[in-house]
Amino acid sequence: MSDWYTSFANSGVGSTLVKQLGLPRPAVLRRYEPGQQLLPGPAVVGSAGEGRLRATLTAVLRDAGVAVLSPAAADGAGDGERPAAVVLDATGLTGPAQLAAAHDLLAPAVKRLRPTGRVLVLADPPATADSPAQAAARQALEGLVRSLAKELRAGSTANLVFVPEGAEASLASPVRFFLSGRSAYVDGQVLTLSAADVPAGEDAERPLAGKVAVVTGAARGIGASIARVMARDGAHVVAVDVPAAGESLAAVANEIGGTAFQLDITAPDAAARLVTHLRERHGGVDVVVHNAGITRDKLLVNMDAARWNGVMAVNLQAQLDLTRALLDADGVLRPGARVVCVSSQSGIAGNRGQSNYAASKAGVIGMVRAWAPEFAERGATVNAVAPGFIVTEMTATMPLGTREVGARINSLQQGGLPVDVAETIAWLSSPTAAGVNGQVVRVCGQSMLGA
Amino acid sequence: MSSPQPRRAAVLGGNRIPFARSNSAYAQASNQDMLTATLDGLVARFGLQGQQVGEVVAGAVLKHSRDFNLTRESVLGSRLAATTPAYDVQQACGTGLEAAVLVANKIALGQIESGIAGGVDTTSDAPLAVGDDLRRALIELNNARTLKDRLRAIGRIRPGSLVPEIPRNAEPRTGLAMGDHQAITAREWEISREDQDQLTVRSHRNLAAAYDRGFLDDLVTPYLGLTRDQNLRPDTTVEKLAKLKPVFGKDDPAATMTAGNSTPLSDGASAVLLSSDEWAAEHGLPVLAHLVDAQTAAVDYVHGGEGLLMAPAYAMPVVLARNGLTLQDFDFYEIHEAFASTVLATLKAWEDPAFCKERLGLDAPLGAIDRDKLNVNGSSLAAGHPFAATGGRIVASLAKQLHEAGSGRRGLISICAAGGQGVVAILES
Ligand SMILES: NC(=O)c1ccc[n+]([C@@H]2O[C@H](COP(=O)([O-])OP(=O)(O)OC[C@H]3O[C@@H](n4cnc5c(N)ncnc54)[C@H](O)[C@@H]3O)[C@@H](O)[C@H]2O)c1
């Protein structure tokens, strides 16, 4: 499903019309394709205060073939050297006074940023600050980055990653993700890393090679896209969906060389059947993506028990039950396992007529955060991804007005595509994302809802 | 050089599309469409994309001339490797089970390591044949070189020869419909209407329960919008069935066979994956059961005074004796419900000392079976019966049932077929 408005607004006739009518002209986002360079140009790397991440950063960029410019060099460079990314190491902040240095570095570089550029700010988490002044400075970055994300145009994004002392090894994977086309629709996000055993290196083209990944709700929509991206990244995908969706499920499985496993995840024996299937057929599982979800909208006062219970059963209880069963089944969840749970913007912002759905999706966030320590002990991770407005068959049936407004009220002025959610999930599932745990990543183009 | 010792072929699972009633959900689907979709569902379930299996063996009972090389053409249209050999078989309603036996035998002999057995039939897209007069005239027209010859050929076509011959479900040698044949057997064996209706209700209930407990989740893949067998009536009752009028053997005022206790004309396809134990292990696929042995038999229903569908009764003692088993040594029985009365007459025959002595040449009758072990997940009365697809449906479902019950469990399959034939087989988990 393509975003027709974005294509139209960027076509010859369309762009003239859009300009004359004063309509927004959403940028064509830079999305990942196999073989693609990490960045289409050089990266400016600078720091505010005595940053401790410069060396790591420079190594990641050099390994990816990205030219690294110092802020001074960038300023004087010619047009062909316009930066594709600005990375600010703000781990040296001691108080608000140093924030001016952040501004000094960012302002000229951002001015020269190429379309579909990336701004990435790295800092220590406010919670571990030595003083209120230091905490204030660190927290201030959130306001800075979120505002900058709203100011950026032409498909550029800005995100903030908190890197606690000792979690430096966790940094490479998120840096690559946020700079790459995989994060096209991830904007204005704040992530906190944790210390972890990060496996040395992975095949950038096939980070999931040799992994077995379960994707629920894989027969269509976002789930089918997740299955495709996981397979592209090298995983064997066990595609799960309700038996009634089996025809398209089989088509997805055959397209990607995966297997179709027809299962209603709310069946009383669903967890046991999944565990047995994974044990017997694959000897275990590396990645579990809880994507299946349903909506049964009604205002709270008109909501019947069936709507409430149905949504809870699929969207929340099944995620809890399947995950618990996998954790308890000896040896099935392999070391370094990744569990990614699909939440929703509604779970963060709430949505009229969706008290059941939003409750279930907020519940997913609570679940992920609570489970993170147990997963960390196993060298595994559990995270949530909260999609915003994603253009699918489901949204295609919405009234045009609602759909177009829904799609535009974000900093990228367009709806996301299923592949954007899929890329984020595939990244969280990759071995080197070991230091991202208990996090909620919104894939919403910095939606104004719940921001 | 010594030839390899026979080994038992493993049944790894199966796939079928829901069976549709004639001229309904699959009215626009051809045999090749359905068989290809069924193979693709099997490929998706077992991750066989681009893989070559030893052989694909399948068939259809009602075939168009365009169904030439049906199985191979279906393989070429499927996600299996194009280098997978295939051939067609046809043994009327025994086709599907016979295909499985053929695949299993090649595996047993070490000639192939894996194979797929299947079957498909459509009664909606059934071939219409032109009469012999018209056919001859058309051939002559095609061969004619001059205008005069052509006109002469056309002139030979009479209006009457333009009426196509619609295929009937009738025995060529007797002109009797299969149901009318079975009505004779039902009368001979005094099979009551009530017993037939009860068996029918049980078939529907068992199949509905199997769906409800998810038993068919890894046996069926929806097709063309159909997610369950169209003929399935979970809420049918003996009272409802009692209201139906007899449709076969109607010359008898006490006729018992209705559209309820007979299988409807149906469309559908099935496929079963078989292999050696080694191949299964290499592919990480659990073995559900092994095909232990099989036997076919045929009866002379034209002159010999035996019922058209009684051949399985004859095949059974042979396979039991060869394996040192009695009829009671089984945990599950799958007796194909062509008609409820076929199942009941066959069971009665095995209990009957005179039949077993005089017809089967046995000292003692084979005896009764525990009816609770019969068709526990429903059978053709509920699912429908696309002729060549029934064998595959039964083999996969019985293998799964045996696997669920634990190892060392035995199951028996009995399928009757047109032309007075029958196929029986033993599976063991
Ligand atoms: N589309 C959006 O804009 C959007 C936004 C936020 C969150 N999400 C979430 O993303 C996920 C995928 O959404 P989508 O738009 O692709 O929806 P979709 O309806 O197109 O697909 C959901 C899939 O889940 C399957 N499913 C439902 N119940 C199931 C069950 N009991 N067992 C197994 N499978 C089941 C469905 O059959 C379907 O194939 C959902 O969790 C949804 O809440 C979507």
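This is a short dialogue about reading a few features of a predicted model.

Biologist: Let's start with a helix. What span should the 12 residues of helix H16 of chain A have?

Modeller: Take the general idea first. An α-helix has 3.6 residues a turn, so residues three or four places apart point the same way. Now the case here: at 1.5 Å a residue, helix H16 of chain A (residues 418-429) should span 16 Å. Its end C-alpha atoms are 17 Å apart, which agrees.

Biologist: Is H16(A) mostly covered or mostly open?

Modeller: H16(A) is mostly covered, with 11 of its 12 residues buried. Among them are Val421(A), Ile425(A), Trp427(A) and Leu428(A).

Biologist: Which side chain makes a polar contact with the side chain of Trp427(A)?

Modeller: That partner is Ser173(A), at 2.9 Å. You will find Ser173(A) in helix H7 of chain A, residues 172-179. Buried means under 20% relative accessible area, so Ser173(A), at 4%, counts as buried. Leaving aside neighbours within four places in sequence, Ser173(A) is also in contact with Ser430(A), Thr432(A) and Ala433(A).

Biologist: Now for charged pairs. How many salt bridges are there over all chains?

Modeller: The count comes to 33. Try one with me: Arg52(A) and Glu168(A) form a salt bridge, and their closest N and O atoms are 2.2 Å apart. This pair links distant parts of the chain, 116 residues apart. Arg52(A) sits in the loop between strand E1 and helix H3, while Glu168(A) sits in the loop between strand E5 and H7.

Biologist: Why does Arg52(A) count as partly exposed?

Modeller: Partly exposed lies between the 20% and 50% limits, and Arg52(A) counts as partly exposed because its relative accessibility is 25%.

Biologist: And in chain B, which residue forms a salt bridge with Asp331(B)?

Modeller: Arg409(B) does, with the closest N and O atoms 3.8 Å apart. These two residues are 78 residues apart along the chain, each in a loop. Asp331(B) is partly exposed at 22%, and Arg409(B) is partly exposed at 31%. Back in chain A, salt bridges that share partners join Arg52(A), Asp124(A), Arg138(A), Glu165(A) and Glu168(A) into one network.

Biologist: One last feature: which residues form a nonpolar patch on the surface?

Modeller: Look for Val405(A), Ile409(A), Met448(A) and Leu449(A), which together have about 350 Å² of accessible area. Leu449(A) lies in the segment after strand E13 of chain A, and Leu449(A) is partly exposed, with a relative accessible area of 39%.

Conventions
Residues numbered from 1 in each chain as written. Chains lettered and ligands numbered in written order. Predicted model: local features only at pLDDT ≥ 70, side-chain atom pairs only at ≥ 80, totals over all residues. Heavy atoms only, no water. Patch = residues over 30% accessible without salt bridge, like charges linked within 9 Å, V, L, I, M, F, W, Y side chains within 5 Å. Areas by Shrake-Rupley, 256 points an atom, 1.4 Å probe, with all protein chains shown as cover. Salt bridge = Lys/Arg side-chain N within 4 Å of Asp/Glu carboxyl O. Helix = DSSP H or I, 4+ residues; strand = E, 2+ residues; numbered from the N terminus. Buried < 20%, exposed > 50% of the residue type's maximum accessible area, 1.4 Å probe, protein only. Expected span 1.5 Å × (residues − 1). Polar contact = N/O pair within 3.5 Å; in protein donor to acceptor, adjacent residues only side chain to side chain. Contact = heavy atoms within 4.5 Å.
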